[in-house]
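User: I would like a close look at one part of this structure, the aromatic pairs and the helices around them in one chain, with whatever else helps to place that part in the whole. Please walk me through it at bench level.

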Amino acid sequence: MPQASEIAWLIPVFPLIGAVLSGLGLISINKKINNSREIVSVGLISFVGVSAVISYKALFEQVNGYQSVEKLFVWANAGDFTIPMGFVLDPLGSVMLALVTTITLLVMIYSHGYMAHDKGYVRFFTYLALFSSSMMGLIVSPNLLEIYVFWELVGMCSYLLVGFWYDRDGAAHAAQKAFVVNRVGDFGLLLGILGLFWATNSFDFNEIAKGISQSVSDNTIPIWAALLLCFLVFLGPMAKSAQFPLHVWLPDAMEGPTPISALIHAATMVAAGIFLVARLQPLYSIFPSIQFIIALVGTITCFLGASIALTQMDLKKGLAYSTVSQLGYMMLAMGCGAPVAGIFHLVTHACFKAMLFLGSGSVIHAMEEVVGHQPVLAQDMRLMGGLRKKMPYTSATFLIGCIAISGIPPLAGFWSKDEILGNAFISFPAFWFVGLLTAGMTAFYMFRLYFLTFEGDFRGENKELQKELLIASKLNLDEENEEEHEEHGSIHESPWSMTFPLVFLAVPSIIIGFMGLPWDSKIANLLDPEEADIAAKAFELKEFLPLAIASVVIASAGIIIAYQAYFVKKINLSVLFAEKFPSINRFLSNKWYLDDINEKLFVKGSRKLAKEVLEVDSKVVDGVVNLTGLVTLGSGEGLKYFETGRAQFYALIVFGGVILLVAIFGFQSPQVS
Amino acid sequence: MLGTLGAGLSNFPWLSASILFPIGSAFVIPFFPDKGDGKEVRWFALSIALITFLITVGSYINGFDINNENVQLKENISWLPDLGLTWSVGADGMSMPLILLTSFITALAVLAAWPVKFKSKLFFFLILVMDGGQIAVFAVQDMLLFFLTWELELIPVYLLLAIWGGKNRQYAATKFIIYTAGSSIFILLAALAMGFYGTEIPNFEFSHLAAQDFSQKFQILCYVGLLIAFGVKLPIVPLHTWLPDAHGEATAPVHMLLAGILLKMGGYALLRFNAQLLPIAHAQFAPLLIVLGVVNIIYAALTSFAQRNLKRKIAYSSISHMGFVLIGIGSFSSLGTSGAMLQMVSHGLIGASLFFLVGATYDRTKTLKLDEMSGVGQKMRIMFALWTACSLASLALPGMSGFVSELMVFTGFVTDEVYTLPFRVVMASLAAIGVILTPIYLLSMLREIFFGKENPKLIEERKLIDAEPREVYIIACLLLPIIGIGLYPRLVTESYIASINNLVDRDLTAVKNAVKTNIFSGAKTNEILKAPTI
């Protein structure tokens, strides 16, 4: 058998074959394939399983010191240009591959239970396979261009999956928002890639870094241009990894089925951005100012996510903002020049966040039996409570997840988060402080979620509250929902296919932190042996302990407040805080007003602009070219148009302005002789 | 045995056959019986279109050498020697892919026209005539002949628009003919001027014209005229307003031909005449092409977003995509120009598929207004899937052809040392805004048609049946090359890259000469001369 590292290109190919086969089946023999859903799901799980086996074999080879493999072929050429494609397998890639295949497999098993009654079962599995395939392809990409290709494919799959329940308006909007916001980032990424190619004639990560540092020291390209290119490329990860201010799509993406949320939030999609920044470390490490920007964006995101999560009442949204916040930590690590710490947190976070999301799915699945298939009700924590007794596996694993993410030793989250905070303390003490504060907030809101959902008494039968919530959500209730309302079920634990992944993920959530002990970090040894050696030698308990104690103390404080407020109910936060600082409370529960700004400024703005341009097109351009415009201009209608059409007039000016640019920047020759 | 057969095949007049065979066969159609539902005519037209496609494939396989940048498959017959008119056809790398595209899309359009029952004999007659006529446009090697084919080809399109179509079809058809015929006067003028340039006996052959040393002023005059003529066809904003009307009224098969092939005539002609025959003027006007390309991309994307009529929306999206062709042609790099070629092929396939789907959807919903649709996806799932696939192709998703061509244009333009850095930065950034705008209007469109709650009125009044096998087959035929090119673009680019390299070399020489003769500002001379040979 060949070395797995040599055949790593097969890893994305297997799920792709599976997805293509079942996709073709859906188009050609729709009914038959929907009737044999188990065959499809088992088949697709096996395809991903084969990829997982190869991935783990490759990981072990890399751990045992097998060399990195890179193979390329010419994909497109013209003149002297060639664009190579191919695959690369190195330690970073092997870690990510193992992670992605594992999470995907578990999510697929889980989906078998979660989507059991959905008529789109086969379609869902097809998308899942395609999604994982794109993500694996992204990981084995040897250059920026190929990354961009898979980057877009990942975005497309998320579009398909978030909009999976296409009869829901919310899902339709969320899917589109996810795609478009990501395209805003891709706009920068594409320009950045093109610019870097112009500057260095290469798409390769290391060669770009070499080429840029060479050009900057030779003064062949100005420093501002290099910085701009680095920043443009960073826009891509900002959108994909939901960094402020491009994070707005991620909480909305909750409209997709919960297994997808787990996959998006843990191993695919959002991980892609962090991964790309890690890949580009050779480039970013040249420019401290870019590092600073990355760290700053990370810190803002980290704080913002946690602060919004404080007030969320929707279980899934709460978790979503928690992901935003944790992604901020990872980005902070990247900015501190500690990609290993960032990737380590990515891995640990993937385990417990996947588990938490799958757990919330299990809760929603149970809630739907009582309140009906209405996300506004099934996901609202005001209707939950007391689920621990009915759902032992779900609640136990959820609790483990909460402890892990709060950073209580010795669970996974403590080690990775502390690694990041330690690095931040050295590089940017101010950011360390914000990170520390956020750690406390994290512990608070996570345990708030836990207590509200699993402890206390069950509130789901409260019809009045249900009605209130429905009215508050401004959904016009039609009869359909009323009917669903009537089905009276009771809360019960989910089937094995759903609890198994939860229990399985609980294990790494507890122990995977030991892979990255600061004095003997296995993950650092794999990813960056030299750095790991230095770090291990420099390790001193004296330095480690104060920081570790600080973060444990603040996390415990958060947990205790949550315990007091939501479990024993000794303190009433709404009296203590919300009523005293109503503006802050409003600010937080309106998500910093970012969604509103987005809606008003960009969505409505672009619509308005488009309408104006269309008006110009049909009235002015068409008219003038038809020569009828001259007539209308003379008539009253023309006058009216120019009186009221100021905006259109501006659009015309802009239009003319573009053409004016020729005169300014033009060719080398300004004039025709 | 096989050897002699091979030699015989390469001497076969492939191109004349592919032009004359469909036209000749079309004249059989009037002899079909009038009664019945026109089944025989449909099958006849389909087989003729398929045979034509096979002939063009045969010409590519047997008589075309992709490593040769010159015109091949040449046939020269003196026609009217007094006028200097010769039947001169041939194909180089720029013609060949478009000839194949034409015969391919036409065959699919015939299949798409299966439900046409009204005057079906005349309809298929016109489609077959158009097939030959369009191949002729791409294959002729004589400028006067080019003008004639360009004009003749308008007649079937006019009739197809005027007889079959929506309520405003007369208006749309008239507008189309006035715009195109009116502007093509410039082609005739330019052809006459160039053919008579410096000689007593006119000669309109491309090879002759290419060897001519036109003066700069002469080139500029011809260039401006031709730019207007071809700008209407491509179309270039602001000469585009005939297109939404024509496309908005056409039936689906005609629509496929309009978007798939007709628009490509403009791009092809810009390459063939403006860039190839008038290099000195091209060196002057190329920046304008870039700017116009950027305007096309953004302007048409915005108008498309605001459109509430499905057909017009897609029509405007075509205009937006043609902007990349303009940038590619103006880029002076083989990568960019090659991207322009690929964009034409790619949009031919994607545009045809989207317009076919518009037609198929209209057959069911009987409305094109987005406000009257909603939640259609629940009844028409396969249709939804096909729409999604084609829309993703259109928004340049990697793995599909549109992405590769746009990427080639971008990369070619950005790495091109002929233009100043600020110009490139500004233009590339503006063009990249299209990357954001395109998904906005396409995904909004999908959302409004297929997502959400079902529109009760629509469900009640119309029977929404899902896609039938014929429709799936047509889209599959179009998606296969779209994905094929997306995965391995050299499938297509290899066929024309030699010719494009040749063309770009010629244009670059013109730019450099312009520098030497100090037309370009002297200060920047060095920078241009040390530009890497692309």
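Analyst: What follows starts with chain B as a whole, moves to its aromatic pairs and a neighbouring helix, and then turns to chain A.

The model is a predicted one, and every value below should be read with that in mind. Chain B is built from 22 helices and two strands. Its radius of gyration is 23 Å, close to the 24 Å that the globule rule gives for 534 residues, so chain B is as compact as a globular protein of that length. Along the principal axes, the C-alpha atoms of chain B fill a box of roughly 75 × 55 × 50 Å. Of the 534 residues in chain B, 67% count as buried, and among the contacts in this chain with a separation of 6 or more, 81% come from residues 24 or more positions apart.

Turning to the aromatic residues, a search of the whole structure finds 53 aromatic pairs over all chains. One of them joins Phe146(B) and Trp150(B) in a tilted arrangement, with 5.5 Å from centre to centre and 40 degrees between the planes. Both residues belong to helix H6 (residues 143–152) of chain B, where they stand four residues apart, about one turn of the helix. An α-helix has 3.6 residues a turn, so residues three or four places apart point the same way. Phe146(B) and Trp150(B) are both buried.

A second pair, Tyr197(B) with Phe214(B), is edge-to-face, with the centres 4.9 Å apart and 80 degrees between the planes. Tyr197(B) lies in the loop between helix H8 (169–196) and helix H9 (206–211) of chain B, while Phe214(B) lies in the loop between H9 and helix H10 (216–233), so the pair ties together parts that are 17 residues apart in sequence. The two partners are not alike in their exposure: Tyr197(B), at 23% relative accessibility, counts as partly exposed, because the buried class ends at 20%, whereas Phe214(B) has a relative accessible area of 2% and is buried.

Helix H7 (residues 154–163) of chain B has as its buried residues Leu154(B), Pro156(B), Val157(B), Leu160(B), Leu161(B) and Ala162(B). The cover over these buried residues includes H6, which carries the tilted pair, and also helix H5 (120–139), H8, H10, helix H11 (242–249) and helix H12 (252–277) of chain B. Just after H7(B), Gly165(B) takes a positive phi of about 160 degrees. Elsewhere in chain B, an aromatic ring is faced by a charge: the charged end of Arg42(B) sits over the ring of Trp114(B), 5.2 Å from its centre.

Chain A offers a parallel set of features. There the charged end of Arg123(A) sits over the ring of Phe164(A), 4.2 Å from the ring centre. Ring pairs also link Phe398(A), Phe447(A), Tyr450(A), Phe451(A), Phe454(A) and Tyr563(A) into a cluster. An unreviewed UniProt entry lists residues 141–441 of chain A as "domain: NADH:quinone oxidoreductase/Mrp antiporter transmembrane", and over that stretch the chain is 79% helix and 0% strand, with the end C-alpha atoms 37 Å apart.

Two loop residues of chain A are worth following through their contacts. Gly407(A) lies in the loop between helix H19 (392–406) and helix H20 (412–427), and with a relative accessible area of 6% it is buried. Leaving aside neighbours within four places in sequence, Gly407(A) is in contact with Gly413(A), Phe414(A) and Val552(A). Gly407(A) and Ala555(A) are 148 residues apart in sequence, yet their C-alpha atoms are 6.8 Å apart in space. Gln312(A) is found in the loop between helix H14 (288–309) and helix H15 (315–335) of chain A, and at 8% relative accessibility Gln312(A) counts as buried. Not counting residues up to four places away in sequence, Gln312(A) touches Lys317(A), Gly318(A), Tyr321(A), Met381(A), Arg448(A) and Lys591(A).

Finally, the cysteines. The count of disulfides over all chains comes to zero. Cys336(A) is in no disulfide, and the nearest cysteine sulfur, that of Cys302(A), is 11 Å away. Cys336(A) is buried, with a relative accessible area of 11%, and Cys222(B), at 6% relative accessibility, counts as buried.

Notes:
Residues are numbered from 1 along each chain as its sequence is written. Chains are lettered from A and ligands numbered from 1 in the order in which they are written. This is a predicted model: local features need pLDDT of at least 70, side-chain atom pairs count only at pLDDT 80 or more; totals for chains, interfaces and linings use all residues. Side-chain values use heavy atoms; hydrogens and water are left out. UniProt positions are given in the numbering used here, feature names are shortened, and annotations may be inferred rather than shown by experiment. Rings of Phe, Tyr and Trp (its six-membered ring) pair if their centres lie within 6.5 Å; planes under 30 degrees apart count as stacked, over 60 as edge-to-face and the rest as tilted. Buried means under 20% relative accessible area, exposed over 50%, partly exposed in between (1.4 Å probe, protein chains only). A charge sits over a ring if NZ of Lys or CZ of Arg is within 6 Å of the ring centre and within 35 degrees of the ring normal. A disulfide is a pair of cysteine sulfur atoms within 2.5 Å. Contact means heavy atoms within 4.5 Å. The radius of gyration is taken over C-alpha atoms; the globule rule is 2.2 Å times the number of residues to the power 0.38.
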